[in-house]
Amino acid sequence: MSLMDLFILAVGLSMDAFAVSVCKGLSVRQLTWKHACTVGVYFGGFQFLMPLVGFFLGVQFQRYIVSIDHWIAFVLLVLIGANMVRESRDDAEVLNDSFSFLTMLPLAVATSIDALAVGVTFAFLQVSILPAVLFIGCTTFCLSAVGIKIGHAFGSRYRARAELAGGIVLILMGCKILLEHLGFLG
């Protein structure tokens, strides 16, 4: 996986967290850097952790499904991407201005489930996992911190677009993996 592919994937995975961060920004009356860092740490941390867990799960089962791994990667990424596209068409979430552990933990888990599946595909693609998950976590941290600022400044009009863009990126990445394995792309 090239650095450009990893960058595109990291941005695509970050779009759920970005969209939720925008919504969190809408809910805050007096936004501080602490809010931005809190959102970034939760979302970036889980976007780091979940693909790592997925990778180790994938490594355990790799020998059994190596002949169809490209299809698994394709299906997982397309399903995740399609779900993000579908969610982009849903109404905005109810706004909650709390940054407590009990509020942030479910949001962080919910926005990183797709990263768990991507981690499984990393095992099949034999990606160097530590640099990849660090890059994904840092990208998500930055986009989440920016997202809360954007949400606070501009409102909810970007949430749906961010989720739609992220979903399309993941679908395209799945197609690229499949086409490369089938020999259509270099």
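**Tour of a cavity, a pocket and a surface patch**

Select α4 first: with 4 residues, this helix gives the largest share of the lining of the largest cavity. The model is predicted, and the volumes and areas below are computed from it.

To show the whole lining of that cavity, select Met1, Leu9, Leu77, Val118, Thr121, Phe122, Leu125, Met173 and Ile177. Two elements give two or more residues to this lining, α4 (101–125) and α6 (159–181). Colour the selection by residue class: 8 of the lining residues are nonpolar, 1 is polar and none is charged. The volume of the cavity is about 30 Å³, and the count of cavities of 30 Å³ or more comes to 1.

Next, go to the second largest pocket, which has a volume of about 220 Å³. Its lining has 13 residues, and the closest to the pocket centre are Met1, Leu125, Ile177, Glu180 and His181. Select α3 (69–88), α4 and α6 here, since each supplies at least two residues of the lining. The largest share, 5 residues, comes from α6. Coloured by class, the pocket lining divides into 6 nonpolar, 3 polar and 4 charged residues.

Met1, Leu125 and Ile177 appear in both selections: they line the largest cavity and are among the residues closest to the centre of the second largest pocket.

Last, turn to the surface and select Ile68, Trp71, Leu179, Leu182, Phe184 and Leu185, which make a nonpolar patch of about 570 Å². Within this patch, pick Phe184, placed in the segment after α6. Is Phe184 buried or exposed? Phe184 counts as exposed because its relative accessibility is 61%, and the cut-off for exposed is over 50%.

Technical notes
Residues are numbered from 1 along each chain as its sequence is written. This is a predicted model: local features need pLDDT of at least 70, side-chain atom pairs count only at pLDDT 80 or more; totals for chains, interfaces and linings use all residues. Side-chain values use heavy atoms; hydrogens and water are left out. On a 1 Å grid over the protein atoms alone, a cavity is a set of points where a 1.4 Å probe fits but cannot get out, and a pocket is an open set with protein on both sides within 12 Å along at least five of seven lines; lining residues have an atom within 4 Å of a point. Grid points are joined across faces, edges and corners, and a volume is the space filled by probe spheres set on the points. Ala, Val, Leu, Ile, Met, Phe, Trp, Tyr, Cys and Pro count as nonpolar, Asp, Glu, Lys and Arg as charged, and the others, Gly among them, as polar. Patches are made of residues with over 30% relative accessible area and no salt bridge: like charges are joined within 9 Å, nonpolar side chains (Val, Leu, Ile, Met, Phe, Trp, Tyr) within 5 Å. Accessible areas come from the Shrake-Rupley method with a 1.4 Å probe; for residues, only the protein chains shown count as cover. A salt bridge is a side-chain nitrogen of Lys or Arg within 4 Å of a carboxyl oxygen of Asp or Glu. Buried means under 20% relative accessible area, exposed over 50%, partly exposed in between (1.4 Å probe, protein chains only).
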